[in-house]
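Colleague: Could you take a close look at the side-chain links in this model for me? I'd like to know who pairs with whom, and how much of each partner shows at the surface.

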Amino acid sequence: MATEEIRRQVVIIGSGPAGLTAAIYSARANLTPLLIDAPVDTEKQTTPGGQLMITTDVENYPGFAKGIEGPELMMEFRKQAERFGTEFLEEWITKVDLQERPFTLYTENKIIRTETLIIASGASAKWLGVPGEAKTPVGFGGNGVSACATCDGPLPAFRNKRLVVVGGGDTAMEEATFLTRYASKVYVVHRREKLRASKIMQEKAFRNEKIEFVWNADVQEILGTAEHGVTGVRLRNGSDGEHFTLECEGVFIAIGHKPNTDLFKGQIDMDPVGYLLTNGHSTATNIPGVFACGDVQDSVYRQAITAAGTGCMSAIDAERFLDHLPVEMPSGEEVTIEGEHITVDRKLIIEPTGEVISNEPAPD
Ligand SMILES: Cc1cc2nc3c(=O)[nH]c(=O)nc-3n(C[C@H](O)[C@H](O)[C@H](O)COP(=O)(O)OP(=O)(O)OC[C@H]3O[C@@H](n4cnc5c(N)ncnc54)[C@H](O)[C@@H]3O)c2cc1C
């Protein structure tokens, strides 16, 4: 099949809240962004619209007093991005070359060249892969099983209920502690006899009277019925191999997230887990002209509103860069599209030729 070549000023990868917000802003700035997202793929569990497509009630996105369903919210985002001229392409990006501008992205039969790239490819919660965990109607995902306590813990389905949190790291301790605000009891099920969590997080969880630890236990299956949702978890004791059932009404899987950044390994700076590194003042990565927003660069907040907020920042950063204005890099230096570097103290400009000139305003 012939390879089609596309050229753009702004390309965005990912159509979750971060990518679509970046699209709304870039489209309104007349940059006609191209937004690329993976097609529906049941095996890889991808759907254009991102993670909120697999949830029902979103109660914490501002502007919706009565709450809104995740897919409906993402449809509104998408319509708003379309209204201002965003173009959409549903394909997997399989390779990127960010060595020089224009950057080159590859899909199965397209080559896309772009002056700026906004990465909003998100992160995926890690799952156990046990029976009963998949999304309804196959399992109880969305009907008692969740991977986000901040998102789902306050929902009526989990209030005054017995909940299980699976995991032994900081995230599991944080989720368990948070859930005690609503639950009648929180069991932390961990497959070892010791936690991986930091000391302070462990101590907070140990002190919490609503939390009980179930040690050395592997989740084998999440049990329930279509009518009542989750009714328990079947566990296997690591020491004697015995199986037993722990009754509960909700299960929160807290075994970590994997940022979708394999494509960028060796090209963009990342932390040890794979989150793209940006700094607090902009969404620039270490490559001038490449910006990252949403869960792909946020291991802390991971919410739709923070993803949308950084999506807005990325679009404004890309716009500034294309307007020949300096953009702050993770190092604290500023760079321009011409390749000028402005030192962290803002006093000097280093030209691409290596020539150093003053950035101080001329005296009156
Ligand atoms: C079950 C669940 C419930 C949640 N509930 C809430 C809630 O109530 N409130 C809240 O604020 N947050 C909630 N969250 C968190 C929220 O969904 C995320 O914080 C948010 O979606 C992150 O947005 P994002 O745009 O960064 O990435 P994502 O939404 O993850 O979107 C990234 C997109 O990039 C695509 N992509 C990745 N790699 C490629 C590639 N190589 N080529 C093409 N496309 C690619 C993916 O397919 C995906 O569509 C929930 C999350 C989950 C899992």
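Modeller: Sure, let's start with Asp 262, which is partly exposed at a relative accessible area of 48%. Keep in mind that we're looking at a predicted model. Asp 262 has Lys 258 as its salt-bridge partner, and their closest N and O atoms are 3.1 Å apart. Lys 258 is partly exposed as well, with 38% relative accessible area. Elsewhere, salt bridges with shared partners link Glu 4, Glu 91 and Lys 110 into one network.

Those belong to a total of 16 salt bridges in the structure. As a general point, side chains of opposite charge can pair up when their charged atoms come close.

Another pair worth zooming in on is Glu 82 with Arg 78, where the closest N and O atoms sit 3.6 Å apart. Both belong to helix α2 (residues 70-83), and because they are four residues apart there, about one helical turn separates them. Glu 82 comes out as partly exposed at 39% relative accessibility, and Arg 78 is also partly exposed, with a relative accessible area of 22%.

Now swing over to Lys 185 and Glu 212, whose side chains form a salt bridge at 3.0 Å, N to O. Here the partners come from two strands, Lys 185 from β12 (residues 185-189) and Glu 212 from β13 (residues 211-214), so the bridge ties together parts 27 residues apart in sequence. Lys 185 is partly exposed at 21% relative accessibility, which is just above the cut-off, because buried means under 20%. Glu 212 counts as partly exposed too, at 37%.

Next, the cysteines. A disulfide is a covalent bond between two cysteine sulfur atoms, and this structure has one. The partners are Cys 148 and Cys 151, with 2.0 Å between their sulfurs. The link is right-handed, with 65 degrees about the S-S bond. Its two ends land on either side of the burial cut-off: Cys 148 has 18% relative accessible area and is buried, since buried means under 20%, while Cys 151, at 28%, is partly exposed. Cys 248 takes no part in a disulfide, and the nearest cysteine sulfur to it belongs to Cys 148, 18 Å away. Cys 248 is buried, with 0% relative accessible area. Cys 312 is in no disulfide either; the nearest cysteine sulfur there is that of Cys 293, at 9.8 Å. Neither distance gets under the bar, because a disulfide needs sulfur atoms within 2.5 Å. Cys 312 is buried too, at 17% relative accessible area.

Last, have a look at the surface patches, where residues gather without salt bridges. One is negative, bringing together Asp 57, Glu 59, Glu 69 and Glu 72. Glu 69 sits in strand β4 (residues 68-69) and is partly exposed, with a relative accessible area of 39%. Since patch members need over 30% relative accessible area, Glu 69 qualifies on that count.

The other is nonpolar: Leu 348, Ile 350 and Val 356 together offer about 210 Å² of accessible area. You'll find Leu 348 in strand β23 (residues 348-350), partly exposed at 36% relative accessible area.

Notes
Residues numbered from 1 in each chain as written. Predicted model: local features only at pLDDT ≥ 70, side-chain atom pairs only at ≥ 80, totals over all residues. Heavy atoms only, no water. Patch = residues over 30% accessible without salt bridge, like charges linked within 9 Å, V, L, I, M, F, W, Y side chains within 5 Å. Areas by Shrake-Rupley, 256 points an atom, 1.4 Å probe, with all protein chains shown as cover. Salt bridge = Lys/Arg side-chain N within 4 Å of Asp/Glu carboxyl O. Lys, Arg positive; Asp, Glu negative; His and termini not counted. Charge placed at Lys NZ, Arg CZ, Asp CG, Glu CD. Buried < 20%, exposed > 50% of the residue type's maximum accessible area, 1.4 Å probe, protein only.
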